[in-house]
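Reader: I'd like to talk through how this protein is put together. Can we go helix by helix and then look at the cores?

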Amino acid sequence: MSIRHPRSLKWRLVTRVAATQGLVFALLSLALVGAVGALWMRGLISGGAYELGTIEALSAAVARDAEGRLILRPTPELDRLRSEIEGFWFVVRDNGGHRLTEGSVPAHLEPLLPGLDRIGSANLSHGGGNAVPPAAVVRWVDTAAGEVQMLTSAEGRVLLRHLVGVFVPMLLLTLLVIGLMTLATLLVTPFAVQRALAGLGRAADEAEHIDITRSGARLSVHAVPVEIVPLVRAVNDALARLDRGYEGHKRFLADAAHELRTPIAILTTRISALPSGPEKTRLLEDTTRLTILTGQLLDLQRLDQQQVSFATVDLVALAERAVLDLAPLAFAAGYEMAFEPETERVAVPGDETALERALTNLIQNAIDHGGRRGTIAVRVARAGWIEVCDEGDGIAPNQRDQIFEPFHRLRQGGRGAGLGLDLVQRIMRLHGGHAEVVAGPSSGACVRLVFPREDRAPAHLRPHPQLT
């Protein structure tokens, strides 16, 4: 398939239908014309006779000599008539009294010879009736010798040029009809084909909305052409297999997270008992990261199963708890921590556990990627957003949308599994908001959790009016 000529199924059908119709009609027309012409020339239609055949042959042969007398030039057509017609005869005369004759005029036509001046054009029969073909014809014709009158038999034969004169208009009419039919096909067939493929278009639209986070999605076979139904069903079977595999994968991760929580807790306790030092700090960071990872896996399972409950959440109090919980880890990694609320309370409807996990992930992400220098600031705005900013290397503009994709990491071999920011985005979308990268006070990374205003919140998050 090329860019200039895409392989459109609709237009391939349209052009092939139009071409087939035109070809069939042309072949039928040519066959009909050929059959009629062959029958006519064989004499099976109208006896193969052409009453003006002799007149036309004489017209082409008549000329004048140097003295102005009428003469006949030899022509192949005139020779053929002489050989085919027994008793070939004719009378050619002009207004000047010149006459040219050959053969014997039939006896029943001899009385007409004196009165030829009074005859312009006539078909003469044997008994005065309307015989077809007539016995003789009289015509005034223009020739190389001027206008002459001819009286001759009507026993001429059909010639190819006669057929051409008859059938060329028929062929032109046929081509006109073919052109109109092709044009009508090109105008009407696209709508018919588009309507026939409407079901396939709907299936394609459904396929565009299939997402890894929505299990059970299937393509509809309603109004899909029967030839395409096996393909749609095969795609649905493949989606079902993918759903089963994905569900098994999620169950495995959830089970593994459950099983790892106890060993990680024991490991953390034992490390805490070690003497203070850089090695202990690094080990505590690693165990904390493992704890957060298992929590992320369990949170993903909880979100997938819609195990969330909404209530009024104070963002200031939630952010303060998260800062206090992670401040020791940040201090040990070389950071300062700053908590900057604009007001004492910012209330939003939501799931407190999920929102706390989202904010914890952002702070942990800043600890891991902030360069172990500067200050990690957590700000809560009166407008309904929380942001976490560090003073590290920042996030490149072309990476700002990709960091929220699952398993995406800014640097290969870096810390984490790439689940934290994906989980943050999913939690925010569940609350009708979103996470985004914004410009911070320094060149470091700054990620903001934006909650919707109350009048734009999803219906299930809006507070119910109190009855009085």
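Reader: At what angle do helix α8 and helix α9 pack?

Author: A word first: this is a predicted model, where local features need pLDDT of at least 70, side-chain atom pairs count only at pLDDT 80 or more, and totals for chains, interfaces and linings use all residues. Residues are numbered from 1 along each chain as its sequence is written, and side-chain values use heavy atoms, with hydrogens and water left out. Helices (DSSP runs of H or I, at least four residues) and strands (E, at least two) are numbered from the N terminus, and axes are lines fitted to C-alpha atoms, for helices over the stretch in contact, with angles from 0 to 180 degrees between N-to-C directions. On that footing, α8 covers residues 315–332 and α9 residues 352–369, their axes are 10 Å apart, and the packing angle is about 35°.

Reader: Is the crossing of α8 and α9 right-handed or left-handed?

Author: The rule is that a crossing is left-handed if the near helix is turned anticlockwise from the far one by less than a right angle, and right-handed if clockwise. For α8 and α9, the crossing comes out right-handed.

Reader: By class, how many residues does the contact of α8 with α9 have?

Author: Contact means heavy atoms within 4.5 Å. On the α8 side the residues include Leu-318, Val-323, Leu-326 and Leu-329, and they meet α9 residues including Leu-355, Leu-359, Ile-363 and Ile-367. Ala, Val, Leu, Ile, Met, Phe, Trp, Tyr, Cys and Pro count as nonpolar, Asp, Glu, Lys and Arg as charged, and the others, Gly among them, as polar. Sorted that way, the contact of α8 with α9 has 11 nonpolar, 2 polar and 4 charged residues.

Reader: How do α9 and α10 cross, left-handed or right-handed?

Author: These two pack at about 145°, with axes 9 Å apart. As α9 passes α10, the crossing is left-handed.

Reader: Which residues of α10 make the contact with α9?

Author: The contact of α9 with α10 divides into 9 nonpolar, 3 polar and 1 charged residues. From α9 the partners include Leu-355, Ala-358 and Leu-362, and from α10 they are Gly-420, Leu-421, Leu-423, Val-424, Ile-427 and Met-428.

Reader: How many of the 11 residues of α10 are buried?

Author: Buried means under 20% relative accessible area, exposed over 50%, and partly exposed in between (1.4 Å probe, protein chains only). The buried residues of α10 include Asp-422, Gln-425 and Arg-426. Helix α10 (residues 420–430) is mostly covered, and the buried count is 9.

Reader: What makes α2 oblique to α3?

Author: Angles under 35 degrees count as roughly parallel, over 145 as roughly antiparallel, 65 to 115 as roughly perpendicular and the rest as oblique. The axes of α2 (residues 53–61) and α3 (residues 76–84) come within 9 Å and cross at roughly 140°. It's that crossing angle that makes α2 oblique to α3.

Reader: Which element gives the largest share of the largest nonpolar core?

Author: A nonpolar core is a set of buried Ala, Val, Leu, Ile, Met, Phe, Trp, Tyr and Cys residues joined through side-chain atoms within 4.5 Å. The largest one has 43 residues, and Leu-359, Ile-363, Ile-367, Val-388 and Leu-449 have the most contacts inside it. Elements that give two or more residues include α9, α10, β12 (385–389) and β14 (446–450). The largest share, 10 residues, comes from α8.

Reader: Where does Arg-372 lie?

Author: Most residues other than glycine have a negative phi. Arg-372 has a positive phi of about 55° although it is not a glycine. At 36% relative accessibility, Arg-372 counts as partly exposed. Its place is the loop between α9 and β11.

Reader: How far apart in space are Pro-452 and Trp-385?

Author: Pro-452 lies in the segment after β14 and counts as partly exposed, at 24% relative accessibility. Pro-452 and Trp-385 are 67 residues apart in sequence, yet C-alpha to C-alpha the separation is 8.9 Å.

Reader: Of contacts between residues at least 6 apart in sequence, what share joins residues at least 24 apart?

Author: The protein has 10 helices and 14 strands, and 38% of its 468 residues count as buried. The share of those contacts that join residues at least 24 apart is 62%.
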